[in-house]
Amino acid sequence: MIEMTLREIADVVGGTLHDVPDPEVRVTGSVEFDSRRIGSGDLFLALPGERADGHEYAADAVAAGAVAVLAARPVGVPAIVVTPSRGQLPATSVALIHDSDGSGAAVLAALAALARASVERLTAAGGLTVVGVTGSSGKTSTKDLLAAVLAPLGPVVAPPGSFNNELGHPWTALRADEKTRFLVLELSARGPGHIAALAAVAPPSIGVVLNVGTAHLGEFGSREAIAQTKGELVEALPPTGLAVLNADDPQVAAMAARTSAKVVRVGQAGNADIRASDIRLDAEARAGFTLHTPAGSTPVQLAVHGEHQVGNALSAAAVALACGADLATIARALSGAERVSERRMDVRTTADGVTVVNDSYNANPDSVRAALKALVTMSRAGETPRRSWAVLGEMAELGEESVIEHDGIGRLAVRLDVDRLIVVGTGRPSRAMHQGAVMEGSWGEESVLVPDIGAAIALLDDEVEAGDVVLVKASKSVGLWAVAEHLTGAGRGGNAEAGQ
């Protein structure tokens with residue numbers, strides 16, 4: 001963030017100074033909500049959590065070098081205190097904090113106000129471009145590709161992993177300082193108005209909408225409601241801004257009517273301004289294609305896995321072109337960009353020859369379908385086909401469509417001819433996935449329903465062989481990454497190497 005005095009910060013967030021000997025002392029570092037990460041010159045964010053209240057660690061944070069604490073009550077050390085008040089954030093923000101009295105919402109609202117003030121000053125100075133990315137799937141992968149293609153143009157700040165909610169979004173925005181040229185942000189939503197609220201924290205001049213799928217369908221109620229919410233990003237753009245829209249998704253393409261910004265369409269459709277052709281996949285399901293732009297055409301060979309990454313790469317290319325990158329630089333950056341965020345199409349081959357695709361961070365029907373297709377591509381490449389395993393758990397937040405969507409994934413696994421399907425869980429959605437596979441034509445033990453992660457690991461230990469390819473994917477609440485980490489760890493023969 002830009003340097004500010006405690007008096008300035010209090011004015012920005014509407015807070016009161018407590019136990020502050022000198023209001024002109026400046027915050028020269030960052031804002032942190034984990035007292036263990038505090039450094040000299042930082043501002044500590046005291047959030048109430050489910051297991052611990054950040055206010056209890058205020059003194060430790062100041063002792064570690066924090067200039068002051070942003071809190072909801074006096075804490076006996078220099079603090080900027082904001083008044084607890086409900087209604088400052090979407091109701092679902094209570095999922096992020098343990099907020100029985102509104103104190104957490106007040107601190108998060110103050111954090112958002114501070115982030116907005118910092119970003120507005122940086123953009124007014126003309127040195128910062130804010131890029132926002134949203135979509136039902138692919139946000140994190142696209143964010144990582146954007147960071148890679150923009151890096152040759154100047155310093156980039158992007159969130160670690162999927163830090164894209166009411167806490168992670170402003171926290172990331174406050175990482176930008178006078179040296180930052182590009183701030184790349186993910187915008188997630190669990191209901192209408194969420195993306196608009198996040199866009200207000202760090203107003204973007206470039207907005208990327210990837211797709212409208214079924215993630216969080218249970219909370220939105222319909223795909224139309226999801227599309228309406230995702231489109232809040234393009235509505236937030238200024239007339240001088242840029243909207244990058246997926247021409248292959250009709251609901252995204254229709255968002256062009258919702259913005260006064262310039263629109264660039266990307267995809268494989270004939271009307272796309274930036275287009276991919278001649279798409280091919282190598283033995284590790286990494287896509288190569290010809291990139292067509294108004295500036296010319298060039299070959300690209302992605303280092304990340306899955307055909308779905310082509311659309312993500314096109315969006316990144318569109319943004320980079322708009323920001324002044326030349327075609328050769330973009331192609332080179334896309335071809336060299338590797339996976340950054342953990343548990344997302346992380347392909348590793350173990351010492352005993354098993355290829356593990358750890359895509360276990362999260363799951364929705366669209367991302368599972370893409371991962372299954374990548375699994376099959378990898379298993380069939382080469383002269384000798386390899387046996388494919390899909391270890392799948394429940395996809396959360398699908399509401400009334402949950403059983404139908406899980407049934408469809410089970411059926412798709414059979415249609416794609418995945419050799420073995422291990423469905424983990426005892427709930428109705430997991431049973432529907434297994435039953436869908438059986439009804440589609442899975443016989444014998446091609447599809448197996450196991451009660452928990454331990455049972456899945458035991459089955460894999462008994463039956464997985466050298467040369468097999470194993471995909472692990474589920475919503476993050478399932479914690480299925482334990483299976484992938486077991487397979488790539490000491491339990492299956494020691495060290496693993498990243499896939500080439």
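Biologist: Which element gives the most to the lining of the largest cavity?
Modeller: Keep in mind that this is a predicted model. The search of the whole structure finds 1 cavity of 30 Å³ or more. Two elements give two or more residues to its lining, namely helix H4 (139-150) and strand S16 (296-305). The element that gives the most, with 3 residues, is H4.

Biologist: What volume does the largest cavity have?
Modeller: Rolling a probe the size of a water molecule over the atoms shows where empty space is left. For the largest cavity, that volume comes to about 120 Å³.

Biologist: Which residues of the lining are the closest to the centre of the largest cavity?
Modeller: The largest cavity, with its volume of about 120 Å³, is lined by 13 residues. The closest to its centre are Ser-141, Asp-144, Val-304, Gln-309 and Arg-339.

Biologist: How many residues of that lining are nonpolar, polar and charged?
Modeller: Asp and Arg count as charged, while Val counts as nonpolar. Sorted in this way, the lining of the largest cavity divides into 5 nonpolar, 4 polar and 4 charged.

Biologist: Strand S16 came up at the cavity; which strands are the edge strands of its sheet?
Modeller: An open sheet is formed by 9 strands in the order S9-S10-S8-S11-S12-S13-S14-S15-S16, with mixed pairing. An edge strand pairs on one side only, and that describes S9 (156-157) and S16.

Biologist: At what angle to S16 does helix H12 run?
Modeller: Helix H12 covers residues 327-336. The helix lies across strand S15 (286-293) and S16. Its angle to S16 is about 15°.

Biologist: Within the sheet, which residue in S10 does Val-131 stand opposite?
Modeller: Strands of a sheet pair through backbone hydrogen bonds, either parallel or antiparallel. Strand S8 (residues 129-134) and strand S10 (residues 182-186) pair in the parallel sense over 5 bridges. Opposite Val-131 stands Val-184.

Biologist: How many bridges link S13 and S14?
Modeller: Start one strand back: S12 (residues 242-246) is joined to S13 (residues 262-267) by 5 bridges, and the two run parallel. There, Ala-243 stands opposite Val-263. S13 also pairs in the parallel sense with S14 (residues 274-281), where Gly-267 stands opposite Arg-275. The number of bridges between S13 and S14 is 2.

Biologist: How far apart in space are the C-alpha atoms of Asp-273 and Thr-293?
Modeller: Asp-273 is found in the loop between S13 and S14. Its contacts beyond four places in sequence include Val-263, His-292 and Thr-293. Asp-273 and Thr-293 are 20 residues apart in sequence, but from C-alpha to C-alpha the separation is 6.5 Å.

Biologist: Is Ile-195 buried or exposed?
Modeller: Ile-195 has its place in helix H6 (residues 194-201). Contacts of Ile-195 beyond four places in sequence include Thr-134, Leu-187, Thr-229 and Leu-233. The relative accessible area of Ile-195 is 0%, and the cut-off is under 20%, so the residue is buried.

Biologist: What distance separates the C-alpha atoms of Ile-195 and Gly-231?
Modeller: Along the chain these two residues are 36 residues apart. In space, their C-alpha atoms are separated by 8.5 Å.

Biologist: Why does Ser-367 count as buried?
Modeller: Ser-367 is found in helix H13 (residues 365-380). Beyond its neighbours within four places in sequence, Ser-367 is in contact with Ser-137, Asn-362 and Lys-473. Buried means under 20% relative accessible area. Ser-367 counts as buried because its relative accessibility is 16%.

Biologist: Where does Asp-19 lie?
Modeller: Asp-19 has a positive phi of about 55° although it is not a glycine. With a relative accessible area of 48%, Asp-19 is partly exposed. Its place is in the loop between strand S2 (16-18) and strand S3 (26-27).

Biologist: What is the relative accessible area of Glu-397?
Modeller: Glu-397 lies in the loop between strand S19 (388-392) and helix H14 (402-415). Its phi is near 60°, a positive value in a residue other than glycine. Glu-397 is partly exposed, and its relative accessible area is 37%.

Definitions and conventions. Residues numbered from 1 in each chain as written. Predicted model: local features only at pLDDT ≥ 70, side-chain atom pairs only at ≥ 80, totals over all residues. Heavy atoms only, no water. Helix = DSSP H or I, 4+ residues; strand = E, 2+ residues; numbered from the N terminus. Buried < 20%, exposed > 50% of the residue type's maximum accessible area, 1.4 Å probe, protein only. Contact = heavy atoms within 4.5 Å. 1 Å grid on protein atoms, 1.4 Å probe; cavity = no way out; pocket = protein on both sides within 12 Å on 5 of 7 lines; lining within 4 Å. Points joined across faces, edges and corners; volume = space filled by probe spheres on them. Pairing = 2+ DSSP bridges. Axes fitted to C-alpha atoms, helices over the stretch in contact; angles between N-to-C directions.
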